[in-house]
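Me: I would like to understand the words people use for structures like this one. Could you go through them with me?

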Amino acid sequence: MSHLNLSQLKPGQVAIIDSFTDPVMSLKLLEMGCIPGERVELVKVAPMGDPIAISVSGYLLSLRKAEASTVLIHTIMAAV
Amino acid sequence: MEKPEPGKRESGKVLKVALVGNPNSGKSTLFNALTGLNQRTGNFPGVTVDKKTGLVKIRNERNAVIREIEFIDLPGTYSLYPKSLDEKVSYEVLCDSNNEDYPDVTVVVADASNIKRNLFLVTQLIELRRPVILMLNMVDVMEKQGVRINRERLSALLGVPVVYSNAREKKGVSELKDLLASDIPVSDEKFFHEEPSPALYEAVRKIVPVESAYAAWQVLCNYDHFASFNPGVKQRLKALAAEYGFDETSFQARESVERFGEISTVVDKSVETLDLDHESRTHKIDRVLTHPFWGYLIFLAVLFTLFQAIFFLAAYPMGWIESFFVGISHWSSDHLPKGELSALLVNGILAGLSGVVVFVPQIALLFAFIAILEDTGYMARVSFIMDKLMRKFGLNGKSVIPLISGVACAVPAIMSTRTISNWKERMITILVTPLMSCSARLPVYTLLISLIVPSDKKFLFFNMQGLILMIMYLIGFMAALFSAWIMKFILKAREKSYFIMELPVYRVPKWSTVLYTIYEKVKVFLFDAGKVIVAISVILWVLSSHAPGKRFEEIDKKYENSKADNIEMRKASEKMEASYAGILGKTIEPVIRPLGYDWKIGIALVTSFAAREVFVGTMATIYSVGDQENTRSIREKMLSEKNPETGERVYSVAVGFSLMIFYAFAMQCMSTLAVVYRETKNWKWPFIQFLYMGILAYVCSFAVYHLFK
């Protein structure tokens, strides 16, 4: 479970941010509110399969799959 | 010299107030509300980022000025850790006390509906221990969604004044001005507790006079971004960081996590959420606008409307502007004394001015559209659905709008690349947009196609002429994508390309923002690009209306007693040949000979630099056709033109295609070059563009000519 990353989430699924694999990328993600322990929901995948839109810290954030794959997640569940 | 205490300023001095905030926080709307039309656009030294400032006088009840405030609108940023060039500008102004715009007071604009993330920058600024005011925007939106913010508690927890602002309705503006009339206290709240060791702090202070522990951390993390630090200072700070084993990446990560933890506590204590369970309006709209089918269909419809507007709707006011200028030049030539000066005024300066002002309708319409698309939040969705496709060509989802607008005119299109925040993607978009077939190429294509394809020729059921015209547009588009793809490998990125971007909540556009955008863009174009266009226009006029020695007088003398028809037209034609432009055309003949062109086409290539459609007019003059509007007679003259050596038609199919390809690819537009200079603030870029497009045009025309010959 612990090796799943954000790009593997399916629309409607919710997970908790665990850690980052790319230290430099993580700084940008952190300041955008993607903090370890924070709840993220995959809201939407762009029609061509990339980028994706996630809901985090109460707003909608879009990022490319390559960027999302640097975010490790755990405890995946369906959105309420 | 004693430093004045922050927030307190001797009277009589202008108070410098910086406006900062996350992108989409409503900062620019607030700036407009604060300063009105009293704003100036300049630029930050060394970068292409526009700097907007506005001077505001605060008066007391007796209408006496008690304080003068200079507001400066800084580029949107998410934190004090700059990731893009725009953010770097904001960082330098806010953190470098040697910066000429270093503010006395910082006003942070924050979106209440996104309070957690917005407070990140707010708390960082607070810890620089400088006076800060928090403007909380869109509180009304929040309350509708069932969220209550306790303003007094938030203000107490942060230690800074909190103003509720609805910049869309000018609410809070007067409250802010009142606050700024008094002195702002400095907060001593802490949201990040890690302190540098006393030894490290002292060591930093010995190199740079920082005012707080957090400022010392900032210097250690970001010393490279301080323009005022000389290489020696940077070297010493680097050595210091190494000595104390300071790792900025892990430091920033620790800071972000702790800071967000503290912010959560602040938000828990001051924000009350009554109702969380509802699908937001934004979510519902997104379902349609980013739908795999409807999303693209709607985007196509948006592009279609935009295209119609700048292509057809703008044609009316453009026509009025042109007839207006024709009117004054007629009036001037009738009423002014004949002579060199009036000729310069009428044919040089007035013609140049007309060539500048004529772009205004297209610029205004395009930016009205873009402002609406940005302000509603739709532009971010365009990036979202187009990113994957455009990324393959080194472009950005937002490059679509400039490229499509380029079909009408590259001038407003290039100005609209401002929305692309990544430097490399923006530069590529600017460089390739002029390859899109603009409306000025249309008359050239029409004339040339009619020369080489009979109007009744059909391919399957389609009119061959129309088909070729469409192919020309497609060729332009393909060339733009292809060049972009090549440049992707050539241009070096100045910053990492992120697509980590907020999809803002949908909002009704604010019309004053739309009007401000139009006003600003038109002003910038008229004054910045306009100067260059008028100057080149005058040069072109001199070239085509003057000849060395007494050549014009000789032509006049030759026809003095002649009784032949069309004397004026023949004179004009011969004068054109004798002029500097004619000489230039003949000089370049050996160069353009391999493309199948003669010196007459050479003259047209030179004069086309004013605008491509001038080709038609120049042809009319060279072949002494009186009525420039009469394409048919120009066509007949050109058709009967024979090569004096071979006796073959000059305008063969090969030459026709070769010329069309040349016009499709070559950078023959001084207005575009002027605008590229204005947008990149460096002559290097228009020069590179001129060169690469010229080479592309030459090589392709050469190939096409020899293919069809």
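Me: What makes strand β3 (residues 52-56) of chain A count as largely enclosed?

Reply: Four of its five residues are buried, so β3(A) is largely enclosed by the rest of the structure. A residue is buried if 20 or more other C-beta atoms, placed from the backbone, lie within 10 Å of its own; it is exposed if 12 or fewer do, and partly exposed in between. A strand here is a DSSP run of E with at least two residues, a helix is a run of H or I with at least four, and both are numbered from the N terminus. This is a predicted model, in which local features need pLDDT of at least 70 and side-chain atom pairs count only at pLDDT 80 or more, while totals for chains, interfaces and linings use all residues. Residues are numbered from 1 along each chain as its sequence is written, and chains are lettered from A and ligands numbered from 1 in the order in which they are written.

Me: How do you know which strands β3(A) pairs with?

Reply: Two strands pair if DSSP finds at least two bridges between them. Five bridges join strand β2 (residues 39-45) of chain A to β3(A), and five join β3(A) to β4(A). Both values reach the cut-off, so β3(A) pairs with each of these strands. The β2(A) and β3(A) strands run antiparallel, as do β3(A) and β4(A). To find them in the picture, look for A:Leu42 opposite A:Ile54, and A:Ile52 opposite A:Leu63.

Me: What lies between the strands of these two hairpins?

Reply: Six residues separate β2(A) from β3(A), and A:Gly49 in that turn has a positive phi of about 90°. Two residues separate β3(A) from β4(A), where A:Ser57 takes a positive phi near 50°.

Me: How many residues does each chain bring to the contact between A and B?

Reply: Chain A gives 29 residues and chain B gives 30; two residues are in contact if their C-beta atoms lie within 7 Å. On the side of chain A, α1 (23-31) and β4 (59-63) each supply at least two residues. The largest share, eight residues, comes from α1(A). That side of chain A divides into 17 nonpolar, six polar and six charged residues. Nonpolar means Ala, Val, Leu, Ile, Met, Phe, Trp, Tyr, Cys and Pro; charged means Asp, Glu, Lys and Arg; the others, Gly among them, are polar.

Me: What shows that β4(A) also pairs with a strand of chain B?

Reply: Two bridges join β4(A) to strand β12 (residues 501-502) of chain B, and the strands run antiparallel. With at least two bridges required, this therefore counts as a pair. You can spot A:Leu61 with its bridge partner, B:Glu502.

Me: Why are α1(A) and α10(B) described as roughly parallel?

Reply: Helix α10 (residues 248-270) of chain B packs against α1(A) at about 25°, with the axes 10 Å apart. Angles under 35 degrees count as roughly parallel, over 145 as roughly antiparallel, 65 to 115 as roughly perpendicular and the rest as oblique. The value falls under the first limit, and the two helices are therefore roughly parallel. Among the residues making this contact are A:Leu27 and A:Leu30 of α1(A) and B:Ala253 and B:Val257 of α10(B). The contact residues divide into six nonpolar, four polar and one charged.

Me: And what makes α5(B) roughly antiparallel to α10(B)?

Reply: The axes of helix α5 (residues 151-158) of chain B and α10(B) cross at roughly 155° and come within 9 Å. That angle is over 145, which makes α5(B) roughly antiparallel to α10(B). Residues in this contact include B:Leu154 and B:Leu157 of α5(B) and B:Val266 of α10(B).

Me: Is B:Tyr580 buried, partly exposed or exposed?

Reply: B:Tyr580 is found in helix α25 (residues 580-587) of chain B. It has 18 C-beta neighbours inside 10 Å, a number between the two cut-offs, so B:Tyr580 counts as partly exposed. Leaving aside neighbours within four places in sequence, B:Tyr580 is in contact with B:Leu543, B:His546 and B:Ala547. B:His546 is 34 residues away in sequence, and its C-alpha is 6.2 Å from that of B:Tyr580.

Me: What makes β2 (39-43) and β8 (162-165) of chain B edge strands?

Reply: Seven strands form an open sheet in the order β2-β3-β4-β1-β5-β6-β8 of chain B, with mixed pairing. Each of β2(B) and β8(B) pairs on one side only.

Definitions and conventions
Axes fitted to C-alpha atoms, helices over the stretch in contact; angles between N-to-C directions.
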